[in-house]
Amino acid sequence: MVAVINTGSSVRSIFNYNENKVEADKAELIGEGNYPLDASELSKEHRLKLLLKQLELNTNVKRGSVHISLNFDSSENYLSKDKLMEIADAYMQGIGFGSQPYLVYQHHDAGHPHIHIVTVKVKPDGKRIDMQNIGRNQSETVRKEIEKTFKLVRAEGSKKENMLNIKAVKNSVIEYGTRETKKAIANVLSAVVPNYKYTTIGELNAVLNLYNVTAIQGGKDSRMFLHKGLAYQVLNDKKQPIGVPIKASSFYLKPTLKNLETKFIANKTARNPYLKRIKNAVDMAFIQNKIKAVSDLERILIRDGIKAVQRKNEQGLIYGVTYVDHKTKCVFNGSTIGKLYSASGLEERCGIKRSSSRTAVANIENNQLKDKVQHSSFINTSELQKVFESLLQPESAAEYISKEFKRKKKRKSRGQSDY
């Protein structure tokens, strides 16, 4: 079982999301917790009103809505509604939401059994429920207990981990045109965006590209880029975008650039404890093996759940490496870890000499300017050249001087002191 927890500023939107699924016969309301009557006996308005009333008890809570999905292996389609409610109740009790009002919906629009739980994090006494690290601590603990109690497929310790945590549905590596595009992209986003720790669009794409999805910002002079827009698109087998891009705001998760930038800040700190794991894995790989190419290192690291994603230009030259750790769900650019772990550093450790042109391209990765001009999962040579040339343009230091320092300093009268 895999649990995904999301918070938001509008409980009405997540409530309507699930209710609209019910009206479209893609889901059904199977139960509730801490409501005065069975949810089925209450009108849609009354079900929502109870959640809204409880949120009003603490107006200081800005992100008071909580939306949880519990995802099961595709082989567990035998789970009855009663059993799903038992699991939902046990989970809510385990994460400290046992006394909260909540609604449970069973969805039927994916290739695996799953339920959605809608609740709020304001208690009946008006106090806020602390959700700091709830996914890593309380949720993980109760998840494992539920797997044992209900004899569910474990989400770790086997090949199932990849399927449950990364592939939200069966065959979630998308082939354009073989299934509803938006639904397929949404399933990948729901597995990646809330769970992985990334700090740039480029790092996010390092994970999404593994499942043939990419986040695009448009060219640096495009309207979408200038207005900080973001869209998601399908990639073909050659990792080239195909089909029509879909705006980020149209997905339920709202993985817009504005929301992702908030995650970037939080992820930068949250991923730090796991940086040494990648450094040690790379160092041990070189110590224990004769590595002559970055591709050799990639094959070794994947055994430990680390994917070294190479970024190449049109000539096939490596200009960057991003590490995706599927065990800790952390993503790091090689240059962030250190020079020895960047593309140039790895090639030097492999005994490969880099020409000056290749070094220039690698420097662009170090400055992470690719994220600002990224159109898809890769950047063509002409774009790289433009960025490289921009590095050579002089900058006006005055642009960076604050107003306070621009003000003329008043002369002190004789005898006046700073104290």
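**Two sheets and the helices around them**

Tyr 105 of strand 4 is the bridge partner of Leu 29. Two strands are said to pair if DSSP finds at least two bridges between them, and helices (H or I, at least four residues) and strands (E, at least two) are DSSP runs, numbered from the N terminus. The model is predicted, with local features needing pLDDT of at least 70 and side-chain atom pairs counting only at pLDDT 80 or more, while totals for chains, interfaces and linings use all residues. Residues are numbered from 1 along each chain as its sequence is written, and side-chain values use heavy atoms, with hydrogens and water left out.

A general view of the chain comes before the details. Its secondary structure comprises 17 helices and 11 strands. Of its 419 residues, 47% count as buried (buried is under 20% relative accessible area, exposed is over 50% and partly exposed lies in between, with a 1.4 Å probe and protein chains only). Where residues at least 6 apart in sequence are in contact, 64% of those contacts join residues at least 24 apart; contact here means heavy atoms within 4.5 Å.

The pair that opened this passage belongs to an open sheet of 5 strands, arranged in the order 1-3-5-4-2 with antiparallel pairing. At its edges are strand 1 (2-8) and strand 2 (27-33), each of which pairs on one side only. On average, neighbouring strands of this sheet are turned by 20° against each other, direction ignored. (Axes are lines fitted to C-alpha atoms, for helices over the stretch in contact, and angles run from 0 to 180 degrees between N-to-C directions.) Strand 2 is joined to strand 4 (residues 102-107) in the antiparallel sense by 6 bridges. Helix 1 (residues 11-23) packs on this sheet, where it touches strand 2, strand 3 (65-71), strand 4 and strand 5 (114-120). The direction of helix 1 makes about 40° with that of strand 4.

Within helix 1 sits Phe 15, a buried residue with 0% relative accessibility. Which residues does Phe 15 contact, leaving aside its neighbours within four places in sequence? They are Lys 44, Arg 47, Leu 48, Leu 103 and Tyr 105, and Tyr 105 is already familiar as the partner of Leu 29. Phe 15 and Leu 103 are 88 residues apart along the chain, yet their C-alpha atoms are separated by 8.8 Å.

Helix 1 also has a helical partner. It packs with helix 2 (residues 44-55) at an angle of about 160°, and the two axes are 10 Å apart. The two helices are therefore roughly antiparallel to each other (angles under 35 degrees count as roughly parallel, over 145 as roughly antiparallel, 65 to 115 as roughly perpendicular and the rest as oblique). Their crossing is right-handed; a crossing is right-handed if the near helix is turned clockwise from the far one by less than a right angle, and left-handed if anticlockwise. From helix 1, the residues that meet helix 2 include Phe 15, Asn 16 and Glu 19, and those of helix 2 that meet helix 1 include Arg 47, Leu 48 and Leu 51. By class, this contact divides into 6 nonpolar, 2 polar and 5 charged residues (Ala, Val, Leu, Ile, Met, Phe, Trp, Tyr, Cys and Pro count as nonpolar, Asp, Glu, Lys and Arg as charged, and the others, Gly among them, as polar). Helix 2 also holds Gln 54, which is buried at a relative accessible area of 10%. Not counting residues up to four places away in sequence, Gln 54 touches Gln 100, Pro 101, Val 120, Val 122, Lys 123 and Pro 124.

Another helix pair is formed by helix 6 (residues 181-192) and helix 7 (residues 201-208), whose axes come within 11 Å and cross at roughly 115°. This crossing, too, is right-handed. Val 188, Leu 189 and Val 192 of helix 6 meet Leu 204, Val 207 and Leu 208 of helix 7. The contact has 6 nonpolar, no polar and no charged residues.

Further along comes an open sheet of 3 strands, antiparallel and in the order 9-10-11. Strand 9 (306-312) and strand 11 (330-333) are at its edges with a single partner strand each, so one side of each is left without a neighbour in the sheet. Strand 10 (residues 318-325) pairs with strand 11 in the antiparallel sense over 4 bridges, and Thr 322 has Asn 333 of strand 11 as its bridge partner. Helix 10 (residues 275-288) lies across strand 9, strand 10 and strand 11, at about 120° to strand 10. Helix 11 (residues 294-301) lies across strand 9 and strand 10 and runs at about 155° to strand 9.
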